[in-house]
Amino acid sequence: MKKFTLTLLLSCILNGGDSSLQFQLNSEDHISKDKVDVTNTNEHKVDKDQWFAIDKLQHLTYSCLIALGCQYVLVNKMNVSENDGLIISSGLSFSAGILKELQDRRGKNGYFSTRDVVANLIGISIAALIIDY
């Protein structure tokens, strides 16, 4: 018969140190409890998310280039003023960075990195300095 699997994540207090349990319900309404290995915790992910890493340089660079590219198109092709273009291009670049982090959170690692967002903001700031001067 068809088995239905229901995974419940319970706190360590309720499970006596276990991070998760898996319950299986079969057609005869029998419930069996099995341990599930959950190795990715947020503390472990934060440790791996270093401030000085190639990932942060990529976020900084891409955010800067997205802002500069959007600014160019807005000002030179769509006749938007410099100030309005800066606001719009910065917003578009920031939105792209946030959407990337939301996608990362839904991915296999399930982690939203605020450090990546900070790197994005630094890249956008560098683009704003380039545009203003």
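Which helix holds isoleucine 126? Isoleucine 126 lies in helix α5, which covers residues 114–132. The legends below describe close-up views of a predicted model.

**View 1. Isoleucine 126 on helix α5.** This residue is partly exposed, because its relative accessibility is 33%. The cut-offs place partly exposed residues between 20% and 50%. Isoleucine 126 also helps to form a nonpolar surface patch.

**View 2. A nonpolar surface patch of about 610 Å².** Six names make up the view: Trp51, Phe52, Val118, Ile122, Ile126 and Ile130. Among them, Ile126 belongs to helix α5.

**View 3. Serine 125 on helix α5.** Serine 125 has a relative accessible area of 41%, so this residue counts as partly exposed. Alanine 67 is the partner to look for in this view. Serine 125 and alanine 67 stand 58 residues apart in sequence. In space, their C-alpha atoms are 9.3 Å apart.

**View 4. Serine 63 in helix α3.** Helix α3 runs over residues 54–77. Is serine 63 buried or exposed? Serine 63 is buried, because its relative accessibility is 4%, and buried means under 20%.

**View 5. The surroundings of serine 63.** Leaving aside residues up to four places away in sequence, serine 63 touches Ser93, Asn120, Gly123 and Ile124. One of these neighbours, Asn120, also makes a polar contact with serine 63. The contact joins the two side chains at 3.0 Å.

Methods:
Residues are numbered from 1 along each chain as its sequence is written. This is a predicted model: local features need pLDDT of at least 70, side-chain atom pairs count only at pLDDT 80 or more; totals for chains, interfaces and linings use all residues. Side-chain values use heavy atoms; hydrogens and water are left out. Patches are made of residues with over 30% relative accessible area and no salt bridge: like charges are joined within 9 Å, nonpolar side chains (Val, Leu, Ile, Met, Phe, Trp, Tyr) within 5 Å. Accessible areas come from the Shrake-Rupley method with a 1.4 Å probe; for residues, only the protein chains shown count as cover. A salt bridge is a side-chain nitrogen of Lys or Arg within 4 Å of a carboxyl oxygen of Asp or Glu. Helices (H or I, at least four residues) and strands (E, at least two) are DSSP runs, numbered from the N terminus. Buried means under 20% relative accessible area, exposed over 50%, partly exposed in between (1.4 Å probe, protein chains only). A polar contact is a pair of N or O atoms within 3.5 Å; within protein, one must be able to donate a hydrogen and the other to accept it, and residues adjacent in sequence count only if both atoms are side-chain atoms. Contact means heavy atoms within 4.5 Å.
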